[in-house]
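Okay, hi everyone. Today I'd like to talk about how helices pack and where empty space is left in a protein. Let me put the structure up.

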Amino acid sequence: NISGADFTPVDGLIRFGLYGIKNVGDLAVDHILSERATGGAFKDLYDFCSRTDSSIVNKRALEYLVKSGAFDNIGKRDELLANLEPALRWGTEQRAQANQGQFALFEIDDFKPPEVVPGDNLTLLDLLRMEKESLGLYISAHPMGSYVGLSEAATCSVAELEPQSSGDNTE
């Protein structure tokens, strides 16, 4: 709901561009941004699937959008991943019925999205693996950050490296 096609500065931060997400083509990004500009921010996964064309934003693209964290402001990744297929089916049915003008024939309750099923609880490392897979890098944290004290133990100043790199080993 915030990112643009390319990397964009937003409130002092740099938003990752949707073009940078693996398996999400330019046509899909353009379609998503066009729909968001026309219909406003997406409320949830079902709203997204009902407003976007699944032949353009297919299951694989949607999966990688979720894995990258693009939907983190509207749901947890584990729940979103667990509900991808039902949401895609529901969205496709909604668009087909709207195109045929069948909404007037049924009660509005018939068009409510299916219940959201809970997903597997994902660990921080699971989320980071998803980011690495979908973006090619870690965004929210780094897996080595979970090892307390490692960065302090593995760092040294440039001055400490100089004798090693110059070949001046006086010991």
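Before the first example, one bit of vocabulary: a helix axis here is a line fitted to the C-alpha atoms over the stretch in contact, and the angle between two axes is taken between their N-to-C directions, running from 0 to 180 degrees. Two packed helices are described by that angle plus the distance between the axes. And just so you know, what you see is a predicted model.

So, the helix pair. H3 and helix H5, which is residues 84-100, pack at an angle of about 130 degrees, and their axes are 11 Å apart. Roughly antiparallel would need an angle over 145 and roughly perpendicular runs from 65 to 115, so H3 and H5 come out as oblique to each other. The crossing of H3 past H5 is right-handed. Who's touching whom? On the H3 side you have Lys59, Leu62, Glu63 and Val66, and on the H5 side Leu84, Glu85 and Leu88. Sorted by class, that contact has four nonpolar residues, three charged and no polar ones.

Now for the empty space. Rolling a probe the size of a water molecule over the atoms shows where it is left.

Let's start with the closed kind. There's one cavity of 30 Å³ or more, and the largest cavity holds about 30 Å³. Its lining is Phe48, Cys49, Thr52, Ser54, Val57, Leu62, Leu88 and Arg95. H2 and H5 are the elements that give two or more residues to it. You've met Leu62 and Leu88 already, in the contact between H3 and H5. By class, the cavity lining is five nonpolar, two polar and one charged.

Next, the open kind. How much space lies in the largest pocket? About 580 Å³. It's lined by 27 residues, and the closest to its centre are Ser3, Arg15, Gly69, Ala70 and Phe71. Strand S2, helix H1, helix H3 and helix H6 each give two or more residues to that lining, with the largest share, three residues, coming from S2. The classes here are 16 nonpolar, six polar and five charged.

Last stop: the second largest pocket, with a volume of about 150 Å³. Its lining includes Asp44, Tyr46, Lys76, Pro113 and Pro114. Helix H2 and helix H4 each supply at least two of the lining residues. Here the split is seven nonpolar, two polar and three charged.

That's my tour. Thanks, everyone!

Conventions: Residues numbered from 1 in each chain as written. Predicted model: local features only at pLDDT ≥ 70, side-chain atom pairs only at ≥ 80, totals over all residues. Heavy atoms only, no water. 1 Å grid on protein atoms, 1.4 Å probe; cavity = no way out; pocket = protein on both sides within 12 Å on 5 of 7 lines; lining within 4 Å. Points joined across faces, edges and corners; volume = space filled by probe spheres on them. Helix = DSSP H or I, 4+ residues; strand = E, 2+ residues; numbered from the N terminus. Nonpolar A, V, L, I, M, F, W, Y, C, P; charged D, E, K, R; others polar. Parallel < 35°, antiparallel > 145°, perpendicular 65-115°, else oblique. Left-handed = near helix turned anticlockwise from the far one by under 90°. Contact = heavy atoms within 4.5 Å.
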